[in-house]
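Thanks, everyone. Please have the viewer open, and I'll walk you through this one.

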Amino acid sequence: MADYTPKHGDPKPNNKRFKKSENAENIKNIENVEEPEVQTKTKKTKLTRKKIIYYIALSASTALLIALIIILCIKYFGGRENFDEFMNSNTSSTSSLPPNPIDFAKLQSEHPEVCAWIRIDGIDEISYPILQSSPEKDDNYYLNRDLEGNTRNTGSIYIQRLNNKDFTDPNTLIYGHDTFNGTLFGQLKKFRDKTFFDEHRTIYIYTPDCILKYEIISAFVYDNRHILNSFNFNIENECQEFFNECINPKSLVKQVVDGATLTTNDKIITLSTCTSNSSERYLVVGKLVGKAETQKIIIPPKK
């Protein structure tokens with residue numbers, strides 16, 4: 001073969017295209033090279049650490065949430081208070097009058113704003129002191145306070161100062177929250193059941209010098225008006241107007257004793273509690289049917 005000597009004008013070799021092809025091949029080869037095993041282990045370690053931190057944070061958040069729920073439940077729902085210490089264990093006496101089941105001497109010496117005690121036949125959960133706040137306090141002071149005066153959303157059983165402490169008014173309103181855990185007036189809803197209503201019809205009110213017995217004549221849903229401000233029970237026709245509503249409620253949710261009657265000569269108590277509807281109240285009405293005097297309680301002065 002004869003030697004070839006390039007001449008002027010001959011095409012030059014495409015070195016640029018060759019270099020591009022070579023670079024592309026090198027890049028492709030680099031991309032296909034697997035990372036060293038030590039880098040893979042480092043990535044896995046970092047991922048594992050992230051998971052551990054995530055689960056620790058999640059567990060801590062869950063525990064904190066549960067603790068907050070428990071605290072709120074205790075604060076809002078409260079618990080069944082133990083009042084056994086205020087039961088009168090001293091039943092022996094030379095007096096012709098029976099002893100009072102409630103030790104008002106001890107109770108009022110420690111809690112002077114307690115004016116009475118309520119118990120409902122067939123509902124053991126309802127056995128509570130009844131409070132009435134002193135004039136320097138709000139009339140609804142015990143709406144959100146316990147016996148000790150500590151803030152508690154479930155509050156206490158109480159009456160307002162519009163009523164006398166001795167339950168001599170034509171109508172004494174007794175207030176208490178409808179709680180989810182069944183304390184306070186949370187059990188009044190049982191009277192919606194006709195069988196329960198027919199079988200449990202007695203309310204006892206204990207005062208420092210007597211026991212008052214009431215027969216439940218009706219239980220029904222009412223509106224949220226302030227009853228004592230809406231009716232003047234010292235005026236016969238207004239008193240009778242409310243009494244008529246008690247024996248013939250307009251509500252569809254009601255239980256009424258057949259043949260029940262109320263006149264202005266009667267005295268009643270009205271237990272009032274809230275419902276799930278803020279515009280309503282659930283009322284249980286009891287008619288005074290008996291009164292028994294007990295030994296007079298002498299309240300020692302508070303030290």
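I'll start with a salt bridge. The side chains of E215 and R201 meet, with 2.4 Å from N to O. This pair links distant parts of the chain: E215 sits in strand β5, while R201 sits in the loop between α4 (194-199) and β4, 14 residues apart. E215 is partly exposed, at a relative accessible area of 28%. Keep in mind that this is a predicted model.

How many salt bridges does a search of the whole structure find? The count is 8. I'll show two more of them.

Next, E113 and K137. Their side chains form a salt bridge at 3.1 Å, N to O. E113 lies in the loop between α3 (104-110) and β1 (114-120), and K137 in the loop between β2 (123-131) and β3, so the pair ties together parts that are 24 residues apart in sequence. Buried or exposed, what is E113? E113 counts as buried, because its relative accessibility is 12% and the cut-off for buried is under 20%. K137 is partly exposed, with a relative accessible area of 25%.

Then K287 and D266. Here the side chains meet in a salt bridge of 3.9 Å, again N to O. The pair links distant parts of the chain, with K287 in strand β8 and D266 in the loop between β6 (254-256) and β7, 21 residues apart. K287 counts as buried, at 17% relative accessibility. D266 is buried too, with a relative accessible area of 17%.

Now zoom out. The protein has 6 helices and 8 strands. Read along the sequence, the pattern is α-α-α-β-β-β-α-β-β-α-α-β-β-β. There are 303 residues, and buried ones make up 37% of them. Take the contacts with a separation of 6 or more: 62% of these are between residues 24 or more positions apart. The accessible surface comes to about 19,000 Å². Carbon and sulfur atoms hold 53% of that surface.

Back to the loop between β2 and β3. We met K137 there. R161 lies in that loop as well. R161 counts as partly exposed, at 32% relative accessibility. What does R161 touch, leaving out residues up to four places away in sequence? The list is Q132, S133, S134, P135, K137, D138 and D139. So K137, the salt-bridge partner of E113, is one of the residues that R161 touches. Look at R161 and Q132 in particular. They are 29 residues apart in sequence, yet 6.7 Å apart in space, C-alpha to C-alpha.

L147 is found in this loop too. L147 is buried, with a relative accessible area of 8%. Measure it yourself on screen if you like: L147 and E110 are 9.9 Å apart in space, C-alpha to C-alpha, and 37 residues apart in sequence.

On to strand β4, which covers residues 202-207. T202 lies in it. T202 is buried, at a relative accessible area of 16%. Its contacts, not counting residues up to four places away in sequence, are R119, I120, D121, K213, Y214 and I216.

Now the pocket. Rolling a probe the size of a water molecule over the atoms shows where empty space is left. What volume does the largest pocket have? About 380 Å³. The lining has 19 residues. Those nearest the centre of the pocket are L143, Y158, Y175, S272 and R281. Which strands supply at least two residues each of the lining? They are β3 (171-175), β5 (210-223), β7 (268-274) and β8 (280-293). The largest share comes from β7, with 3 residues. Two of these strands came up earlier: β5 carries E215, and β8 carries K287.

Last stop, the surface. Y54, Y55 and L58 form a nonpolar patch there. Together they have about 350 Å² of accessible area. Y55 lies in helix α2, residues 37-77.

To recap the places to click on. For salt bridges, take E215 with R201, E113 with K137, and K287 with D266. For the largest pocket, take β7, which gives the largest share of the lining. For the surface, take the nonpolar patch of Y54, Y55 and L58. That's my tour. Over to you.

Note on methods:
Residues numbered from 1 in each chain as written. Predicted model: local features only at pLDDT ≥ 70, side-chain atom pairs only at ≥ 80, totals over all residues. Heavy atoms only, no water. Helix = DSSP H or I, 4+ residues; strand = E, 2+ residues; numbered from the N terminus. Buried < 20%, exposed > 50% of the residue type's maximum accessible area, 1.4 Å probe, protein only. Contact = heavy atoms within 4.5 Å. Patch = residues over 30% accessible without salt bridge, like charges linked within 9 Å, V, L, I, M, F, W, Y side chains within 5 Å. Areas by Shrake-Rupley, 256 points an atom, 1.4 Å probe, with all protein chains shown as cover. Salt bridge = Lys/Arg side-chain N within 4 Å of Asp/Glu carboxyl O. 1 Å grid on protein atoms, 1.4 Å probe; cavity = no way out; pocket = protein on both sides within 12 Å on 5 of 7 lines; lining within 4 Å. Points joined across faces, edges and corners; volume = space filled by probe spheres on them.
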